[in-house]
Amino acid sequence: MTTTLPAYDEVVARYEPVIGLETHVELGTNTKMFCGCPTDFGGEPNTRVCPVCLGLPGSLPVANKAAIEATIRIGLALNCSIAEWSRFARKNYFYPDMPKDFQISQYDEPLCFDGYLDVEVNGELVRIGIERVHLEEDTGKTLHVGGATGRIHGATESLVDYNRAGIPLVEIVTKPVPGTGALAPEVARAYVTELRDVLRTLGVSDVRMEEGSLRCDVNTSLNLPGEEWGTRTETKNVNSLRSVERAVRSEMLRQASVLDAGGKITQETRHFHEDTGDTTPGRSKETATDYRYFPEPDLVPLAPDPAWVAELKAALPELPRLHRRRLQEQWGLSDLDMQSVLNAGAVELIEATVAAGATPAAARKWWLGELSRRANETGVELADVGATPEQVAELQGLVDAGKLNDKLARTVLEGVVAGEGSPTDVMTNRNLEVVSDTGALTAAVDEAIAANPDVADKIRSGKVAAAGALVGAVMKTTRGQADAKTVRELILERLGAQG
């Protein structure tokens, strides 16, 4: 039976949303968390494993110092306190993606705790509290085959690849975030976007959501104003920034529909479907008791030297929010203009385009104009639209050199996005370069004058503004490839008028 969902405006008028996010980040270390196996993405299944990450009898883990350092740096960047003493724990569960039937994680003594990350949404600053940042090992990857959905229901067999099992994984857990109202989906997206930028700036992960090195679980609940927070659901492994926003909105609509009908929300995990934007039930949500945590007996506790932590803090790079403020001043943008750049996810793209030789104004024009439109039409992130900052800078260079006008440049960009090569290659192969040779244009100008004698007479009488009509005729004849300035000069010259 199809359920009619309420309108979003009606939901936020009646209910107050509370969101929370659990973000898993695969660290970019060379080796796994507790063994020496390589961490490169891909590879034949089960070829990057050893007795330690497979949990074979007699094997013992050894903690990866680089992963511990990266975790502390993440905590410091998120304004967290760094624990003077922390330890690993065994998180017991019986899923096939962890061959030893437990995951080495951190439980009640995380490495980093009680921090925050500020994000900007519609010009307003929203502070997202960070509950904890803890270090663990990733699980393997399960592939369900023989079914229509790629999930276990309906599959004929399941395969497990343990290459990912044991890769250092940092989990960043926010505190509940109430009070965002209708902006809750946008706040969730802004937080993950800002967090991704922080992690990339720190150089601790490639944060590629499409490869699973950044994965987000989205918690959502609704409550009536003034009442206790509602029962939350956890939408698992949302794999794009756009989908984070859509997952929150979808759950708000679904939960409101259930509550409006007098039903109760079940605490459970849910799956987000990219094609429909809907969520469907996964499994009932386990509690800490279900995992039967206990201290990991094969690893000593962590006690970071305060002097070392201070050195790491002093060496932190300029973080994204401060970096953006500096860029805004350099580019001469208003707060509103910079917010548009941020909303489009174009800060780094514009910065790289400027570094490749374009002016800030030109770079912003292309990324927020033609390329943003294409990204929205195809439903992809702006960075994945098909053009690189270097190509955009090259395209603008051709415009600045007079080899392309804006119309031709947009056509060239179509070819670049379609994979036809660099802007110069597309311009050459499609024969799109602007014609500025006066000899080649004179015949087209004479033809336009002959076809429009009334307009020509106006120009001869001193009404030079009428030249625009003849310029347009020449541009049409030359399929937009004529240099408009040269054409206008030729028209005035042929008609004996002064510009």
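Start by selecting Glu234: across from it, in strand β12, stands Thr269. Strands here are DSSP runs of E with at least two residues, helices are DSSP runs of H or I with at least four, and both are numbered from the N terminus. What you have open is a predicted model, where local features need pLDDT of at least 70, side-chain atom pairs count only at pLDDT 80 or more, and totals for chains, interfaces and linings use all residues. Residues are numbered from 1 along each chain as its sequence is written, and side-chain values use heavy atoms, leaving out hydrogens and water.

**Stop 1: the sheet**

Now select residues 233-238 and 268-272. These are β11 and β12, and they pair in the parallel sense over three bridges. (Two strands count as paired if DSSP finds at least two bridges between them.) Zoom out, and you'll find an open sheet of nine strands with mixed pairing, ordered β2-β5-β6-β9-β1-β10-β11-β12-β13. Which strands stand at the edges? They are β2 (81-82) and β13 (279-284); each has a single partner strand, so one side of each has no neighbour in the sheet.

Head over to the β2 end. Strand β5 (residues 112-121) runs antiparallel to β2, and two bridges join them. Click on Ile82 and look across to β5, where Cys112 stands opposite. On to β6 (residues 124-137): nine bridges join β5 to this strand, again in the antiparallel sense. Pick Leu117 and you'll find its bridge partner in β6, Ile128. The hairpin of β5 and β6 has two residues between the strands, and Asn122 takes a positive phi near 50° there.

**Stop 2: salt bridges**

Stay around here and show the side chains of Arg127 and Asp118. They meet in a salt bridge, 2.8 Å from N to O. The term means a side-chain nitrogen of Lys or Arg within 4 Å of a carboxyl oxygen of Asp or Glu, and by this rule the count comes to 34. Are the two partners buried or exposed? Arg127 is exposed, at 52% relative accessible area, while Asp118 is buried, at 12%. The cut-offs are under 20% for buried, over 50% for exposed and in between for partly exposed, with a 1.4 Å probe and protein chains only.

Next, select Lys236 and Asp217, whose side chains form a salt bridge at 3.2 Å, N to O. Lys236 lies in strand β11 and Asp217 in strand β10 (residues 214-223), so this pair ties together parts that are 19 residues apart in sequence. Lys236 is partly exposed at 22%, but Asp217 is buried, with a relative accessible area of 0%. For a bigger group, select Glu370, Arg373, Arg374, Glu377 and Glu414: salt bridges that share partners join them into one network.

Then try Arg189 and Glu381, which meet in a salt bridge at 3.8 Å, N to O. Arg189 sits in helix α3 (residues 184-202) and Glu381 in the loop between α11 and α12, so the parts they tie together are 192 residues apart in sequence. Both ends count as partly exposed: Arg189 at 23% and Glu381 at 24%.

**Stop 3: one side of a helix**

Select residues 360-368 to light up helix α10, then pick out its buried residues: Ala362, Ala363, Trp366 and Trp367. They're on the same side of α10, because they cover an arc of only 120° around the axis. (The arc is that of the directions from the helix axis to the C-beta atoms.) An α-helix has 3.6 residues a turn, so residues three or four places apart point the same way. What covers those buried residues? Among the covering elements, with contact meaning heavy atoms within 4.5 Å, are α9 (347-355), α11 (370-378), α12 (389-400) and α13 (406-417).

**Stop 4: cysteines**

How many disulfides does a search of the whole structure find? It finds zero, where a disulfide is a pair of cysteine sulfur atoms within 2.5 Å. Select Cys50: the closest cysteine sulfur is in Cys37, 3.5 Å away, too far for a bond. Cys50 is buried, at 18%. Now try Cys80, which is buried at 10%. Its closest cysteine sulfur belongs to Cys112, 5.7 Å away, and that is too far as well.

**Last stop: Gly472**

Finish in helix α17 (residues 467-477), where you'll find Gly472. Gly472 counts as partly exposed, because its relative accessibility is 37%. Add Ala484 to your selection: the two are twelve residues apart in sequence and 8.5 Å apart in space, C-alpha to C-alpha.
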